[in-house]
Structures are given as C-alpha cells and as structure tokens.
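Subject: Structure handover

Hello,

Here is the structure I promised to pass on. Please open it next to this note.

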Amino acid sequence: MKYRNSVRILLAAMLVLSGCSAPASARSSALSPASSQETSVSREEEILSSMSLREKLEQMLIIDIRNWNGIEFRKMNDEAAALFQDFHFGGVILFAENYSDAPGTAELILSMQQRNQESGGFGMFIGIDQEGGIVSRLKDGTSMPGNMALAASGSPDSARQAAEVIGEELAALGINTDFAPDADVNSNPANPVIGVRSFSEDPETAGAYALAYQKGLNQNNIIACWKHFPGHGDTSQDSHTGLPSVDKSSDELEKTELVPFRMGTAAGMEMLMSAHIQFPQVETETAISRKNGSEIKLPATLSHAILTDYLRGTMGYEGVLTTDSLQMDAITQNFTQEDAARLAIQAGDDILLMPIAMNGKDSIDQMNRYLDALEAMVNDGTISEERINESVLRILRLKNTHGILDQDYSSIDAERQKEHAAEIVGSEAHHAVERNLADQAVTILAGRESLPFDPNGKKIVFAGAEQTETNALEYGWYRLKEEGYASGDALFLSYDFGRNLTALKQAVSDADLVVITSWYDNITQLDPKESVMIPSVQEITELAEEKGIPCAVISAGAPYDCSSYPAASVLLAVYNPTGVSSLKEDHKPAGLYGPNIPAAIDVLFGAAKGNGTLPVTIPEREGSQFSDTIAYERGAGDIE
C-alpha cells in the first residue's frame, strides 16, 4: 500500500532521530512502479516471499508467558528455550510476573531474542503495558503519575517527559514496544476500567496528550501502540470480565471517541489496539454467543466494518493493528479460539494478541493445534493468503523501521546490558522528573487559603484507605522532614477501607490536623451497601469539622468522589491511588511506588504549589448514583 506524503515525511523524520534505516515503505512500494522499467522489491517483501504459511502465521502472534509449569516466568528454562526455537512468534508481551529486577529482566528478554534468532527467527516485538500510573509493570522502575495526572498539569509536554523516561527504561531492558498511550476519552464517570488511564473527557485534550506521549516514547525508539480503538471511555463494563456495549451513532463517535485516533492517524500512528466492545449502531453483523446461545453484535475487534471499512478505508490508517488480549472474557465467553482468530483476521487485525496462555509443555501442543487450525482456514480459502500477506508485510515493515527485524542479538553483551538496565531503571534522575510532574498535577479544589499547613507543635493524623496508601503518606512526610519542610508528631493509620474506623475516630479526636486519602474506581463505591470507604471518609471530615480540626482529603483515584466531601477543610485530587508496597527503615520506598500521594504532602506543607486543574467534570451525587448537576467543572482548580 502506498503511504501518503505526510506519513512518509513523518516516518523519515522519526528515522533520522532514532538512527534506524528508512522503512521499505518510505523507500519504495512493491505495489507502485519504480521510476525505471524495473519494479523495486523491498527487503520486507523479499522476506515475505521466502516465508512458509506457518511462519507467516507465527509472525501474527504476540504471546504471553506469565508462568511456566506453575512458576512465574522470570528466567529462561530449557522448555521455554525450545518454544522460541520451534516457533518464530511475532513477539512477546511481558507482565509483572515476568519482572524480577532490571538486570534479571534484561537477561530474560535478551535470551528470548537470542533463542528465537539462533533458529532462524527475526527480531520480535517485546511489548509491555507500561502506561504509567496504575498500569506499571516494572517493579523497581519509575511509574510516573499516570495519564489523567499528566493532563491535570496543563501541558502536553508533561506527557512527553513522562513517556521519555518510560521509554528510556524500556529500551534499557530490551523492550521495544509499549502498549500505550491510552487514547480513550473518559466521558463516563461510571467507567470501571479506564478512569485515570485516560488523559481527559475532552477529545482534543486526550489526542494532544497521546501525541505528546508517543513523541516521548519515539525519542527512545519505542513503538507506541495507541488503545483502545474505537474507544473504551464511555463503557460501564470492563471487557476483561464481560462484553461492553457503547450505544452511539457514527456521528456521535466522530465527535468524541474517534477524535484522538484521527489525530494519531494524521500524525503517523504506527500501531493501534482494537477494543472488545460492541457498537450496535455501527456494526450490523452478528454471531451466536457460545455463552448462552444468544445473538450478539460483533465487537470492534472482530468487525470488518469498523476495522477495515472505517479505520483503514475512511480514516486512512496504514499502520499495524493488534487485537486486545484474546484471553479476555469479552472474547472467550462468546467465541471459540478458532472463531475469534478467523473473525479477527477477516476483520483486518494484523496481530492476534495473547491467543493462548503459554504456561507449560501442554500449551505447546495447544499452540500447534491453534496454528494447524489457522493453516487449514487459509488452505480451504476461509481466509485468503493475500490477507495474511498484508498483515505480515505491515509487521515486517514496522520491525524494520525500528531496527528490530535484523538486529544481531548474539552480538549484545549480556553483562553490559544488565549493568545498563540497573543504571537506568528507577534512577534518581528519573524519580526527580516523576516527582516534579506529580507535584504539577495536584489539583486543589477547596481550601487553598488554609495552605500551607504549619506542622510545628502539631499532632498530625495521616490515614490511608489501605496500608500502601498509609506508607505513601509516611514516605511523603518523612521526605519533607528530611528537606526541612515538616516537623511535629505524626501518627500513621490504615483505616482499611472503613473497617478500622473506630480506631481512626479515636485518633482524630485527639489530633490537631488530619490528612486522609480516599479513592474511587467504580460506581459501586457510592453505595454504602457495597463499600463503606467513602461514608467513612465523610464521617471523619464531619467529625473534624465538628471539633474544629483542619482536615485535608486527598482524592487519590479518579476524582469523581470529590463531590462527597463538602465538610473537608482542604480537598485535593491527585489521580493515582498507587501507594508504597513496603518501606525501608529510612521511610523510603522499597521498589516501585506511586508519586501522587507524596506529591499531595508536598502541596499540603508548602514544598509545591499544586496548580493542577481537572481534566474531567465531576457531577454531584444523588444517593448511590451521579446526578446531572455539576459539582466541579472540567478546568476547575484553585490556582495560585
């Protein structure tokens, strides 16, 4: 397929920056005549013509190996080594289960690439979901504040800076693909799976920050995979556990969900992930669900109308298209593995992501049967080999663009790679960037006139919804003490989502100042029958108000809980509940931690200003639901 001039120019510019050779698509196209009488054949097309059908199909698979024979897969073993020698997969996606530490993970990744290449395979996509914030897989890395927090800072350059740090850490490990940014427009406060993973409810804002995020990754030659097309921001169900539906017309989708993806396409977006979501006003084709025999509309991942007719045709997207995980319930509850694969390929997906959980010797037999079934579908004409060739050519071109295709992994010094990974991942310089970005994101919705708090001679109670948040409060406090901003007595409690409320109320009654975290990630938390966390925080704010004790509430998740606390003296939104799993004796984190709650402590006690603004609108509550009345407009924030 011939690339448009704007895409050629953008790809060429990226290659100059990254030092990679120009992609074949930018040099010549086998589907277009050369300037002379001869037809130019690209490197990727030469490879494609030499591949067997089986090898082509293997290139279209990105697998996961979270466990092998019941043990977390963090180190190469003989059986797994044989897997990479017998199959030449397009890539591997890593998860937290694969991560030991930076050196160990760098060694694992290099061993996978080497085993694959030794037996004649090409360089693989090594991918990971390192969005930042609540989706961070590197256990000793720099998590960054998360997308909604970055948008709260008011500058897309915050997203570029965060992604540049993430990209540098991924590259040091040998990871070349990040399944990020999340370009969903979070227009539904009841969304249980996107929330703070989205930059904003405003489509143009979401698109601008996603573009900046892509730029940051590309600066380290990391492929950015945008997700989840055509948009997961207006769902009230999680596709990991069911099949969501967005009942919007194509015109409505054009005005909201599709805006960021159009912006990405215009800027040369290289990889895109489809969503397991039904769009009944757009999709007409149906299938019979294996779950209950009912007739269902095809989800976007399996929709030719959405992926080929619209995305490829109307939008003009020319990059690689991957499914979301095919192990998610939205797919497995409704389709067999073979039917999901057939429909996905026919729809236009290039990569089948995680089609089978590779977890031991039995899964190797299962993979062989899966590939046998795909081969049979091509051989009997159910899927055309031309369709397979289109996908594999896109994959090979993208790999060539980023220097993956012919990288000589045998020449890489494993010990030096491990040393480099240890130097880069979670470095002090990266954490300094992380802290600055988290400080910029803190949004003061009420009580700036009370700040900064004077801690001198005060008895302060810090209360976290769970122990990890309490640890984050403790880390933030002792960091400020070390820097000279804080003094006084501090008590740190976990109120255990409300189950330890009695002890907390006793402590608050004897306090001079209270700081408490709250967080929201789904609408059931508004129902006292389902969750006592928000009612518990309300009780504490009301008790403190009654006794004349200043009380600061830190909304640590999606900020939709902020309308629940009118009695709070100070109300902050920080957009990421990730705390500190464990503290060392010096009160510093051991491993990965979220920077957002400590950033709130910076603002409360004067080490940062807290000039963030809301990227979303917060509605008033009406019992256990949200009302149509607005509590805080998008853009709200008490800016100094």
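Below are the findings, starting with a sheet and moving on to ring pairs and single residues. Keep in mind that this is a predicted model.

The sheet

Six strands make up an open sheet with mixed pairing. The order is β13-β18-β17-β16-β14-β15. The edges are β13 (443–446) and β15 (489–494), each of which pairs on one side only. From one strand to the next, the twist averages 20 degrees.

At the β13 edge, the partner is β18 (residues 570–573). The two strands run antiparallel and share three bridges. To find the spot, look at Ala-446, whose bridge partner in β18 is Leu-571.

A helix also packs on strands of this region. Helix α21 (residues 533–547) lies across β16 (513–518) and β17 (551–555). Its direction is about 165 degrees to that of β16.

Aromatic pairs

The count of aromatic pairs is 15. Two of them deserve a look.

Take Tyr-475 and Tyr-593. The rings are edge-to-face, with 5.4 Å between centres and 70 degrees between planes. Tyr-475 belongs to helix α19 (residues 467–483), while Tyr-593 sits in the loop between β18 and α22 (596–604), so the pair ties together parts 118 residues apart in sequence. Are these two tyrosines buried or exposed? Tyr-475 has 9% relative accessibility, so it counts as buried. Tyr-593 has a relative accessible area of 8% and is buried too.

Next, Tyr-560 and Phe-626. This pair is edge-to-face as well, at 6.2 Å centre to centre and 65 degrees between the planes. Tyr-560 is in the loop between β17 and β18, and Phe-626 is in strand β20 (residues 625–632). The pair links parts of the chain 66 residues apart. Tyr-560 is buried, at 2% relative accessibility. Phe-626 is at 17%, and the cut-off for buried is under 20%, so Phe-626 counts as buried.

There is also a ring cluster. Ring pairs join Phe-453, Phe-462, Trp-477, Tyr-478, Phe-492 and Phe-605. Phe-492 falls within the range of the edge strand β15 (489–494), and Trp-477 and Tyr-478 fall within that of helix α19 (467–483).

Charges over rings

Which ring does Arg-66 lie over? It is Phe-95, with 3.6 Å to the ring centre. Lys-399 places its charged end over the ring of Phe-125, 4.9 Å from the centre.

Two single residues

Arg-342 is part of helix α14 (residues 337–347). Its relative accessibility is 23%, so it counts as partly exposed. Beyond its neighbours within four places in sequence, Arg-342 is in contact with Met-377, Thr-382 and Ile-383. Ala-267 is 75 residues from Arg-342 in sequence, and their C-alpha atoms are 31 Å apart.

Asp-586 is in the loop between β18 and α22. That is also the loop that holds Tyr-593. Asp-586 is partly exposed, at 40% relative accessibility. A polar atom of its side chain lies 3.1 Å from the backbone nitrogen of Lys-588. Asp-586 and Met-148 are 438 residues apart along the chain, with 31 Å between their C-alpha atoms.

Over to you.

Best wishes

Technical notes:
Residues numbered from 1 in each chain as written. Predicted model: local features only at pLDDT ≥ 70, side-chain atom pairs only at ≥ 80, totals over all residues. Heavy atoms only, no water. Pairing = 2+ DSSP bridges. Helix = DSSP H or I, 4+ residues; strand = E, 2+ residues; numbered from the N terminus. Axes fitted to C-alpha atoms, helices over the stretch in contact; angles between N-to-C directions. Contact = heavy atoms within 4.5 Å. Phe/Tyr/Trp six-rings, centres within 6.5 Å; stacked < 30°, edge-to-face > 60°. Buried < 20%, exposed > 50% of the residue type's maximum accessible area, 1.4 Å probe, protein only. Lys NZ or Arg CZ within 6 Å of the ring centre and 35° of its normal. Polar contact = N/O pair within 3.5 Å; in protein donor to acceptor, adjacent residues only side chain to side chain.
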